Amino acid sequence: MNEIRSQALSEAPAASRLLIADGDIHPAKKGAADFHPWLEKRWRDHIDEYGSPARQGWQAGPAFPKSQPNASRRDAYPPEGGRPGSSLAFMQGQHLDANSVGLGILNPLGSGQGVQNPALSAALCHATNEWQLAEWTSKDSRLKASVVVPYEDAVASATEIRRYADNPAFVQVLMLSRTAEPLGSRKYWPIYEAAAEVGMPVGVHAFGYGGNPVTPGGWPSYYIEEMTGHSQCQQAGLTSLIIEGVFEKWPSLKMVMIEAGFAWAPSLAWRLDKHWKTLRSETPELSMAPSEYIRRQVWWTTQPMEEPEPRAHLEDCIGWMGWDRLIFATDYPHWDFDDPAQALPFRVSEEQRRAFFMGNARGVYRGCGG
Amino acid sequence: MRARVDAPRERDDMAGLPAGSIDCDIHPSVPSVQALMPYLEDHWREQVIIRGIDELNSISYPLNSPLTCRADWKAASGRPAADVGVVGRQALDGFGTSLAIANCLYGIQLLFSEDMAAAFARAVNDWMVKEWLDREPRLRASIVVPVQNVEMAVDEINRCAADKRFVSILLLVMGDTPLGRRHHWPIYAAAEKHGLAVSIHAGSAYHNPPTPVGWPSYYTEDYVGQAQAFQTQLTSMICEGVFTKFPHLKVVLLESGFTWLPAHLWRLTKYWRGLRMEIPWVDRAPGDIVRSNVRLSLQPVDGPPDLASLMKLFEHMQSDELLLFSTDYPHYQFDGTAAMPEGLPADLVRKIAVDNPRATYARLMETVG
C-alpha cells in the first residue's frame with residue numbers, strides 16, 4: 001500500500017470542470033524560521049529551550065504515529081524539497097489548477113493552537129495568521145485564510161479575530177475539535193461573540209489535544225481509533241454548542257465542522273431531539289429543537305467522505321441533512337485526500353452538484369460571494 | 001432533520017408484540033444500601049455503618065429526572081422498580097412479554113476500591129437471585145462485576161455462572177480504559193466459556209470525563225453523549241481483535257441507540273481499508289464483524305420522525321438480526337406500550353422481539369420449563 005501511484009490528470013466529466021471550492025487545504029511551513037518575522041525573540045528562544053508542548057507527551061510528533069510521514073500523500077513532496085503543502089507553486093500545479101479549485105480555504109495545523117503556555121499559543125497563532133497573508137493569500141487570490149485562534153484563551157482569541165475584522169483575505173475563524181472543555185462551554189463564548197460580530201463562520205477542524213482521552217472510556221491503542229474517534233469528538237462538541245445555548249445566543253453564527261465525517265449528523269440530530277424533548281426542563285433557554293439550530297447554523301466539509309456499500313445509502317444521509325449543508329473538501333496534501341472527480345458516486349442534479357462543489361461554500365465563508 | 005415533537009400517545013394496552021417476546025433491558029433498583037446489608041460480608045456491613053457509606057447512586061440517572069422514571073411507573077415512595085411484584089405487573093404483564101433481562105444499575109463500577117467493588121458486586125448478584133429471580137420466574141439477569149480488577153471480575157463470573165438464570169455479564173460503556181484493551185480479555189474468555197453474552201450498558205464510571213472533550217454542563221449532554229461512547233467502544237473491541245480471538249462472543253449494546261450504527265461503520269470501514277496494516281488481525285470488514293457478533297437493544301429509538309426513513313435506516317444496517325427488543329423500563333423512552341415503533345413489518349417485529357434475543361443469549365431458553 002506504500003507504492004506511489006501517479007494520479008494523472010483525469011479526463012474529468014464536463015460538470016467537474018466547473019470551478020470548485022475546497023474547504024480544507026493545509027499549507028505547511030518550510031521550517032520554523034517561516035514564522036520568525038512575526039515572532040518575538042523571547043518566543044523563538046523559548047521554543048528552542050522548552051519546546052511548545054500541547055497537552056500530549058511527545059517533544060515532537062503526534063500522540064499516535066500517523067500512517068504516512070507527515071500524514072501526507074507520498075506524491076505531494078515538492079520537487080524543490082520541504083514538506084508536503086509547503087510550496088505554493090507545487091500546490092498550484094498538483095491541486096489548485098489540476099482540480100479547478102476556484103476557492104481554497106487554508107486551515108493551517110501545528111499553528112500554536114492548544115499549546116499549554118497561553119502567551120506562546122497566542123504568539124504562534126498570530127504569526128500563523130500573518131504568514132498566511134504574506135506567503136499564501138497575497139500570492140494566489142484563490143486562497144483564503146482562516147483566523148487561527150489560541151482558543152483556550154478566548155479573550156486573546158477574540159482580539160485576534162477583531163484584528164482581521166476588515167481584512168477580506170480572512171473568511172473564517174479556525175478552532176480544533178479536541179478542546180479542553182466542550183465547545184459550548186462559556187469559557188469559549190468570547191470567540192463566538194467576536195466571530196458573529198465580524199461575520200465569519202467558525203470552522204472546527206478535527207484534531208488537537210485538549211488533555212482529555214480521545215474516548216470517554218479512556219485512551220485507545222491505535223491511530224485508527226484516534227482517527228475514527230475524531231467523529232465522536234465533533235459530535236460531542238456540536239451537542240455542547242446546541243445544549244449550552246451558543247446558537248440560541250448568537251443566531252447569526254455559522255459553524256463549519258471540518259474533517260470529521262458528516263453521515264453521523266442525521267442520527268445525532270434525531271437523538272438530540274428525542275432526549276431534549278424528554279429533558280427540556282433542564283434547558284428552558286432553548287427556544288427550538290436541536291435539529292432546528294443545526295438546520296439554521298451548521299455546515300460540514302465532506303472529506304473524509306463516508307463510503308457505504310452501496311454508495312446510494314450516503315445519498316439518503318445527504319437527503320436527511322439537506323444538500324445545502326455540505327462543503328466539498330479534499331484535505332490536500334494529506335494521505336486521506338478525497339478526489340473531486342470521484343466524490344459523488346451516484347447521480348445528482350446539476351443544482352445539487354453546484355451547491356456541493358461551490359454554492360454552499362460561497363454562502364458560508366465571509367465575503368465569498370454568497 | 002425536522003424536529004420530532006410528537007403528540008403524547010394515548011395510553012394503549014395493546015403492545016402488539018408476538019407471543020414469546022423477550023425484553024432484553026429492564027432495570028430493577030436496589031431500594032437502598034440497607035437492602036444489600038444481608039448480602040454483604042461482615043466486614044463490609046460494618047464499614048457501611050462505621051463510615052456512613054451512602055447509596056451508590058450514579059449521576060447517570062438523576063433520581064428525579066424525567067428520563068430516569070416514567071411518570072406512571074413512579075413508586076408512591078422510594079425508588080422506582082424496587083418491588084418485584086410491581087415490576088412483574090408493569091414491565092412484564094404490561095407488555096405481555098414472556099421474559100425480561102434485569103440489568104441492575106447500581107454504582108459499583110464507579111468505586112475506586114476494587115475490594116469494595118468486588119464485595120458490593122457479590123452482594124448485588126446474591127440479592128438479585130434471592131429477591132428477584134427466585135420470586136419472579138420470568139426474570140433473567142446480568143452478572144454485575146468489579147471491572148476495576150479483572151481477576152476479581154472473572155471470579156465473580158465463575159461464581160455466578162452456575163446459576164443459569166444469569167444470561168450475561170454487565171459492563172458500563174465508559175470505564176477507565178476502552179473495553180477492547182487486552183487486560184479485559186479474561187472477562188470475554190469467561191463469557192465464551194460459560195455461554196454468557198457481554199452486555200455493555202449506557203453509563204460511566206466517571207473516571208474519565210463523560211465526553212472526549214471534557215465535562216459538560218448539562219445532563220442532556222451526558223445522556224446524548226452515551227451514543228458516542230458506544231461508538232468508541234465498538235471501535236475499540238473491533239480494532240483490538242476481540243472478535244478474532246473470541247469468535248463466538250456475543251456483545252450486546254444496551255440503551256445505546258442504534259441509528260448511529262450505519263454511519264459509524266462506514267467511517268470505521270473506510271479507515272480500516274486505509275489503515276489495516278496497523279491492525280492486521282482484523283481480517284473482516286467491521287460491518288461483517290458487527291453482523292455476526294454485536295447486537296443492540298431497541299430502546300431508546302433515536303429514530304427519524306417518519307416510518308419511511310426508519311425503514312431506510314434498517315436497510316442501511318443490512319441485517320434484520322441486529323436489534324433486540326427492550327423497553328428500558330422504568331426509564332422514560334415512550335408512552336403507553338409503544339415500545340415497538342409502529343408500522344414495522346410483522347416478520348421484522350418477530351425477529352426483534354423473539355428470534356434475535358433467543359439467538360443472542362445462549363442461556364436464555366435453557367431455563368424455560
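Start by selecting A:Lys254, which sits in the loop between α7 (246–249) and β6 (255–258) of chain A. Keep in mind as you look around that this is a predicted model.

**Stop 1: around A:Lys254**

Is A:Lys254 buried or exposed? Count the C-beta atoms around it: 22 others lie within 10 Å, so A:Lys254 is buried. Now add its contact partners to the selection. Setting aside neighbours within four places in sequence, you should pick A:Pro201, A:Gln297, A:Trp299 and A:Val364. Next, click on A:Gly203 and draw a distance to A:Lys254. These two residues are 51 apart along the chain, yet 8.5 Å separates their C-alpha atoms.

**Stop 2: chain B as a whole**

Hide chain A for a moment and show chain B as a cartoon. You can look for 12 helices and eight strands. Turn the chain around: along its principal axes, the C-alpha trace spans about 55 × 55 × 50 Å. How does that fit with a compact globule? A globule of 369 residues would have a radius of gyration near 21 Å, and chain B has 20 Å, so the two agree. Colour by burial and 52% of the 369 residues of chain B count as buried. Contacts in this chain often reach far along the sequence: among those between residues at least 6 apart, 82% join residues at least 24 apart.

**Stop 3: two packed helices**

Zoom in on α9 (261–275) of chain B and on helix α10, residues 286–293 of chain B. Two packed helices are described by the angle between their axes and the distance between the axes. Here the angle is about 130° and the axes are 8 Å apart, which makes α9(B) oblique to α10(B). To see where they touch, show side chains for B:Leu265, B:Leu268, B:Thr269 and B:Trp272 on α9(B), then B:Pro286, B:Gly287 and B:Val290 on α10(B). Sorted by class, this contact has five nonpolar residues, two polar ones and no charged ones.

**Stop 4: where the chains meet**

Bring chain A back. Across the boundary, 68 residues of chain B are in contact with 70 residues of chain A. On the chain B side, highlight β4 (166–174), α7 (219–240), α9 (261–275) and α11 (307–317), the elements that each give two or more residues. Which of them gives the most? That is α7(B), with 16 residues. Finally, colour the chain B side by class: you'll find 34 nonpolar, 23 polar and 11 charged residues touching chain A.

Technical notes: Residues are numbered from 1 along each chain as its sequence is written. Chains are lettered from A and ligands numbered from 1 in the order in which they are written. This is a predicted model: local features need pLDDT of at least 70, side-chain atom pairs count only at pLDDT 80 or more; totals for chains, interfaces and linings use all residues. Two residues are in contact if their C-beta atoms, placed from the backbone, lie within 7 Å. Helices (H or I, at least four residues) and strands (E, at least two) are DSSP runs, numbered from the N terminus. Ala, Val, Leu, Ile, Met, Phe, Trp, Tyr, Cys and Pro count as nonpolar, Asp, Glu, Lys and Arg as charged, and the others, Gly among them, as polar. The radius of gyration is taken over C-alpha atoms; the globule rule is 2.2 Å times the number of residues to the power 0.38. A residue is buried if 20 or more other C-beta atoms lie within 10 Å of its own, exposed if 12 or fewer, and partly exposed in between; C-beta atoms are placed from the backbone. Axes are lines fitted to C-alpha atoms, for helices over the stretch in contact, and angles run from 0 to 180 degrees between N-to-C directions. Angles under 35 degrees count as roughly parallel, over 145 as roughly antiparallel, 65 to 115 as roughly perpendicular and the rest as oblique.
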